[in-house]
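Please open the model in your viewer and keep the sequence panel beside it, so that each stop can be selected by residue number. The tour below says what to select next and what is found there.

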Amino acid sequence: MKNKFIIGRYLPLDSIVHRMDPRAKLAFVFFYIVLVFFCHSFPMYGWMLLVLLIFMYCGKIKLFYLLKGLTPILFFLIFTFLMHLFLTKGGTTLFSWKFISIDSGGIKEGSFISMRLMFIMMASTIMTLTTNPIALTDAFDKILSPLKVVKVPVQQLSMMMSIALRFIPTLMEELDKIILAQKSRGSEISSGSMGQRIKAFIPLLIPLFISAFQRAEDLAIAMEVRGYDVNSKRTSFRKLEWHWKDTLLIGSLIPIAVILFVLKYLGV
């Protein structure tokens with residue numbers, strides 16, 4: 001499990017994307033996700049996929065590694081597609097039996113929503129794979145720093161995000177240990193029907209939640225012992241530096257958006 005789940009992980013490679021300012025990558029991914037929501041045709045999604053593949057290539061992230069790491073959300077994508085397949089109506093009726101019917105509009109809408117979710121997860125995962133969690137937290141803090149004027153607890157939110165990103169791989173490792181312990185006791189988790197697998201997975205959640213709460217409590221005690229004060233003003237040991245390649249990354253959003261809206265205008 002821990003070798004398959006890569007969301008929240010960081011790969012310390014040497015690439016141009018790794019060396020970019022985390023603020024630039026965070027802004028790029030945010031506006032990329034916004035542009036994905038404007039896609040409503042297969043050519044538009046194809047163009048956004050090409051942008052994603054270029055971003056992934058520059059970060060030295062292999063496509064197979066990325067897709068394999070996102071297999072845990074495959075069930076959610078299939079469920080989303082099936083919901084639209086059977087509930088969204090419109091277009092030509094392709095199949096009808098009693099109260100069940102499948103229309104071409106449902107297939108199209110289900111495909112679009114599934115691709116949209118997949119692209120969002122891929123872009124976010126590439127960002128976390130190429131950005132140190134501490135640097136990502138600093139970027140989040142710097143970008144939202146103007147909100148301190150209206151009393152928004154930016155530093156607390158940044159700390160929460162940093163802890164959440166650090167806990168994801170830890171909880172996956174803990175889940176892997178629980179699965180191995182259950183298998184050693186004769187529990188069948190990876191075999192049987194889908195209903196049997198879901199039923200066998202439920203007993204794993206209780207010890208996982210107990211472990212998560214225990215780790216959270218230990219972390220809170222450790223922070224209090226070291227004198228952490230949420231209300232005190234904090235300085236940053238690491239200084240973020242903006243370079244020309246960061247400006248180029250943000251500037252690349254302009255031609256990406258132009259080509260996307262040209263495709264939308266042409267109706268392809």
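## A guided tour of the chain

Begin by selecting residues 248-267, where the chain is 90% helix and 0% strand and where the end C-alpha atoms are 29 Å apart. This is a predicted model, and the values quoted at each stop are computed from it. The UniProt record, in an unreviewed entry, places the feature "transmembrane region" at this span and also at residues 29-57 and 63-87. If you now move the selection to residues 29-57, you will find a span that is 83% helix and 0% strand, with its end C-alpha atoms lying 15 Å apart.

**The whole chain**

Zoom out and colour by secondary structure, which comes to 10 helices and two strands. Read from the N terminus on, the elements run α-α-α-α-β-β-α-α-α-α-α-α. Colouring by accessibility instead shows that, of the 268 residues of the chain, 35% count as buried.

**Salt bridges**

How many salt bridges does the count come to? The count comes to three, and they can be visited in order along the chain.

Select Asp-14 and Arg-19, whose side chains meet in a salt bridge at 2.5 Å, N to O. Asp-14 counts as exposed at 51% relative accessibility, while Arg-19, at 47%, counts as partly exposed.

Next, select Asp-21 and Arg-23, where the side chains again meet in a salt bridge, here at 2.8 Å, N to O. Is Asp-21 buried or exposed? Asp-21 counts as buried, at 2% relative accessibility, whereas Arg-23 counts as partly exposed at 22%.

For the remaining pair, select Glu-174 and Arg-215, whose side chains meet in a salt bridge at 3.1 Å, N to O. Glu-174 lies in helix α7 (residues 154-184) and Arg-215 in helix α8 (residues 194-225), so this pair ties together parts of the chain that are 41 residues apart in sequence. Glu-174 is buried, with a relative accessible area of 18%, and Arg-215 counts as partly exposed at 33% relative accessibility.

**A loop and a contact between distant residues**

Go back to the loop between α2 (42-58) and α3 (63-69), and select Lys-60, which lies there. Although Lys-60 is not a glycine, its phi is positive, at about 60°. The residue is also exposed, since Lys-60 has a relative accessible area of 52%.

Then select Ala-123, which is found in helix α5 (residues 104-129), together with Leu-52. These two residues are 71 residues apart along the chain, yet their C-alpha atoms are separated by 6.8 Å. Ala-123 itself is buried, with a relative accessible area of 2%.

**A nonpolar surface patch**

Switch to a surface view and select Leu-74, Phe-75, Ile-78, Phe-79, Leu-82, Met-83, Phe-86 and Leu-87, which form a nonpolar patch on the surface with about 770 Å² of accessible area together. One of these, Phe-86, is found in helix α4 (residues 74-87). Phe-86 is partly exposed, with a relative accessible area of 36%.

**The hairpin**

Continue to strand β1 (residues 93-97) and strand β2 (residues 100-103), which pair in the antiparallel sense over four bridges. Which residue of β2 does Phe-95 stand opposite? Phe-95 stands opposite Ile-102. Two residues lie between the strands of this hairpin, where Lys-98 takes a positive phi near 55°.

**The faces of helix α9**

Finish at helix α9 (residues 244-251), and select Lys-245, Asp-246 and Leu-249, which are the buried residues of this helix. Turn the view to look down the axis of α9: the buried residues fall within an arc of 105°, so they line one face of the helix. On the other side of α9, select Trp-244 and Leu-248, which are exposed. Leu-248 also brings the tour back to the starting span, residues 248-267, which the UniProt record lists under "transmembrane region".

Note on methods: Residues are numbered from 1 along each chain as its sequence is written. This is a predicted model: local features need pLDDT of at least 70, side-chain atom pairs count only at pLDDT 80 or more; totals for chains, interfaces and linings use all residues. Side-chain values use heavy atoms; hydrogens and water are left out. Patches are made of residues with over 30% relative accessible area and no salt bridge: like charges are joined within 9 Å, nonpolar side chains (Val, Leu, Ile, Met, Phe, Trp, Tyr) within 5 Å. Accessible areas come from the Shrake-Rupley method with a 1.4 Å probe; for residues, only the protein chains shown count as cover. A salt bridge is a side-chain nitrogen of Lys or Arg within 4 Å of a carboxyl oxygen of Asp or Glu. Buried means under 20% relative accessible area, exposed over 50%, partly exposed in between (1.4 Å probe, protein chains only). UniProt positions are given in the numbering used here, feature names are shortened, and annotations may be inferred rather than shown by experiment. Two strands pair if DSSP finds at least two bridges between them. The arc is that of the directions from the helix axis to the C-beta atoms.
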